[in-house]
Amino acid sequence: TATHMPLSNRYAILEGKNSRILVFGFIFHLTNPSSKVAVLEPKVVVHEEWFRKVLLETACDAILVMAHMGTDDEAINDILY
């Protein structure tokens with residue numbers, strides 16, 4: 001929590017024979033799962049500099065968003081827009 005460093009990769013690039021897919025994963029509104037980990041809301045993540053930079057600078061054929069939430073969750077709109 002204090003370092004604000006991610007526990008793993010923030011995104012992945014899947015490379016196929018003829019394509020590149022940029023992959024992001026988001027989870028639902030998880031509140032303080034641990035005192036050692038901070039989970040950010042999607043509406044916060046999509047405005048972070050690293051996220052916008054990856055979208056602008058990564059050449060890809062498609063973007064895949066894996067979201068651990070229902071399609072009716074308001075956070076989906078934060079991710080899509």
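Two strands pair if DSSP finds at least two bridges between them. The model used in these exercises is predicted.

**Exercise 1. Strand pairing**

Task: State which strand β1 is joined to, in which sense the two run, and which residue of β2 is the bridge partner of E15.

Solution.
- Step 1. Strand β1 covers residues 12-15, and four bridges join this strand to β2.
- Step 2. β1 and β2 run antiparallel, and the hairpin between them passes through four residues.
- Step 3. Within β2, R20 is the bridge partner of E15.
- Step 4. Further along this pair, I13 stands opposite L22 of β2.

**Exercise 2. The other partner of β2**

Task: Determine the sense in which β2 and β3 pair, and find the bridge partner of I21 in β3.

Solution.
- Step 1. Seven bridges link β2 with β3, and the sense is parallel.
- Step 2. The partner of I21 in β3 is A62.
- Step 3. β2 thus has bridges to β1 and to β3.

**Exercise 3. The two sides of helix α2**

Task: Which residues of α2 are buried, and why do they line one face of the helix?

Solution.
- Step 1. Buried means under 20% relative accessible area.
- Step 2. In α2, residues 49-57, the buried residues are W50, F51 and V54.
- Step 3. Viewed down the axis of α2, the buried residues fall within an arc of 105°, so they line one face of the helix.
- Step 4. The general background is that an α-helix has 3.6 residues a turn, so residues three or four places apart point the same way.
- Step 5. The cover over the buried residues of α2 includes β2 (20-27) and α1 (42-45).
- Step 6. On the face turned away from the buried side, α2 carries the exposed residues E49, L56 and E57.

**Exercise 4. A nonpolar surface patch**

Task: Name the residues of the nonpolar patch on the surface, and say which elements each supply at least two of them.

Solution.
- Step 1. The patch is formed by L55, L56, I63 and V65, which together have about 380 Å² of accessible area.
- Step 2. α2 and β3 (62-68) each supply at least two residues of the patch.
- Step 3. L55 lies in helix α2 and is partly exposed, with a relative accessible area of 36%.
- Step 4. L56, also a patch member, is among the exposed residues of α2.

Technical notes. Residues are numbered from 1 along each chain as its sequence is written. This is a predicted model: local features need pLDDT of at least 70, side-chain atom pairs count only at pLDDT 80 or more; totals for chains, interfaces and linings use all residues. Side-chain values use heavy atoms; hydrogens and water are left out. Buried means under 20% relative accessible area, exposed over 50%, partly exposed in between (1.4 Å probe, protein chains only). The arc is that of the directions from the helix axis to the C-beta atoms. Contact means heavy atoms within 4.5 Å. Patches are made of residues with over 30% relative accessible area and no salt bridge: like charges are joined within 9 Å, nonpolar side chains (Val, Leu, Ile, Met, Phe, Trp, Tyr) within 5 Å. Accessible areas come from the Shrake-Rupley method with a 1.4 Å probe; for residues, only the protein chains shown count as cover. A salt bridge is a side-chain nitrogen of Lys or Arg within 4 Å of a carboxyl oxygen of Asp or Glu.
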